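This briefing concerns the sheet and the nonpolar cores of a single model. Please consult the sequence and the coordinates alongside the text.

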Amino acid sequence: MRVLVTGSRGYLGRRVVEQLTGAGHEVVPFAGDVRSAEVPACDGVVHLAALVRIRESFNNPLDYYDVNLTGTLRLLRAGAPRFVLASTAGVYGTPCGPVLAEDHPRVPTNPYAATKAAAEDALTWTARTGVAGAVLRLFNIAGGGDRDDTRLVTRACGVAAGRVPSLEVYGDGTAVRDFVHVRDAARAFVLALETAEPGRCEAYNVGATPASVNDVLAAVERGTGNPVEVVRRPAHPGETRELRADTAKLRGLGWEPRESGLAEIVADQWAAERRH
């Protein structure tokens with residue numbers, strides 16, 4: 001297929017391009033603003049471009065709706081028969097239990113997640129006109145040379161390397177989150193694109209390895225041989241203690257994480273940290 005990829009130069013986008021190319025697809029990187037740049041004809045769209053900072057979204061909610069929702073609508077209007085949207089586990093909001101399946105209610109608690117939920121709805125309704133749609137709700141992607149120091153694994157490796165002074169930990173470090181290697185996440189996008197059915201839009205969770213903050217810190221110290229300087233802060237009020245992805249639906253398509261063990265993620269990120 002000829003596949004348009006927005007956000008193709010980003011952290012996840014570069015890996016999606018690699019996986020699509022390896023699977024024999026022709027990749028068309030999307031250059032420019034998703035709200036205004038020309039959308040070339042293609043057989044499918046993988047839409048990754050978005051504003052993604054939760055705290056920033058509270059200060060600039062209209063900007064987030066403009067880019068994340070208006071941009072999605074514009075791409076949908078271009079009429080590609082297949083469309084895969086990158087979304088977030090944040091659409092679930094405060095979870096009803098520790099393990100989240102795709103049928104969990106969506107109750108976003110910040111403007112960023114709300115824009116993603118709205119984009120999901122736009123794709124779901126558009127799929128009823130015959131488009132083959134898929135939504136991938138990403139949990140915590142990691143590894144692969146990430147340079148975003150707001151992410152736990154990346155920052156911890158940066159601290160171990162001496163590039164970043166310290167890591168702030170809120171609470172006792174026992175809160176559990178779900179991690180997935182960026183290349184495993186990229187493979188999920190390719191699979192979702194290839195298996196999407198016309199007239200339907202399916203949502204899939206993308207996670208692999210539940211781990212606490214303390215687990216991550218221990219893995220980084222073991223994997224690097226260096227200490228991670230931690231600054232302890234009070235826990236955020238109402239913090240979710242455990243957040244894990246039920247990935248049975250994605251695995252039903254044949255997806256299996258290959259590189260998402262915690263030690264593998266840390267080793268991969270540490271190798272990239274040392275190269276840089």
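How many bridges join strand 1 to strand 3, and do the two strands run parallel or antiparallel? In this predicted model, strand 1 (residues 2-6) and strand 3 run parallel and are joined by four bridges. Strand 3 (residues 44-47) is the starting point of the points below.

**Strand 3 and its partners**
- Strand 3 is covered on both faces: Gly44 and Val46 are buried on one side, and Val45 and His47 are buried on the other.
- Towards strand 1, valine 45 of strand 3 is the bridge partner of leucine 4.
- Four bridges also link strand 3 to strand 4 (residues 82-88), again in the parallel sense.
- Within strand 4, phenylalanine 83 is the bridge partner of valine 45, while arginine 82 stands opposite glycine 44.

**The sheet as a whole**
- Six strands form an open sheet with parallel pairing, in the order 2-1-3-4-6-10.
- Strand 2 (26-29) and strand 10 (201-206) each have a single partner strand and stand at the edges, so one side of each lacks a neighbour in the sheet.
- On average, neighbouring strands of this sheet are turned by 20° against each other, with direction ignored.
- As general background, strands of a sheet pair through backbone hydrogen bonds, in either a parallel or an antiparallel manner.
- Helix 3 (residues 61-77) lies across strand 1, strand 3 and strand 4, and runs at about 170° to strand 4.

**Nonpolar cores**
- In soluble globular proteins, nonpolar side chains tend to be buried together.
- The largest nonpolar core comprises 30 residues, and Leu12, Leu20, Val46, Leu136 and Phe189 have the most contacts inside it.
- At least two residues of this core come from each of strand 1, helix 1 (11-22), strand 4, strand 6 (132-138), helix 6 (182-195) and strand 10.
- The greatest contribution to this core is that of helix 6, with nine residues.
- Which residues does valine 46 contact, leaving aside its neighbours within four places in sequence? Valine 46 is in contact with Val3, Leu4, Val5, Thr6, Val16, Leu20, Val84, Phe189 and Leu193.
- A second core, separate from the largest one, has 23 residues, among them Val39, Val67, Ala80 and Val131.

Key: Residues numbered from 1 in each chain as written. Predicted model: local features only at pLDDT ≥ 70, side-chain atom pairs only at ≥ 80, totals over all residues. Heavy atoms only, no water. Buried < 20%, exposed > 50% of the residue type's maximum accessible area, 1.4 Å probe, protein only. Pairing = 2+ DSSP bridges. Axes fitted to C-alpha atoms, helices over the stretch in contact; angles between N-to-C directions. Contact = heavy atoms within 4.5 Å. Core = buried A, V, L, I, M, F, W, Y, C linked by side-chain atoms within 4.5 Å.
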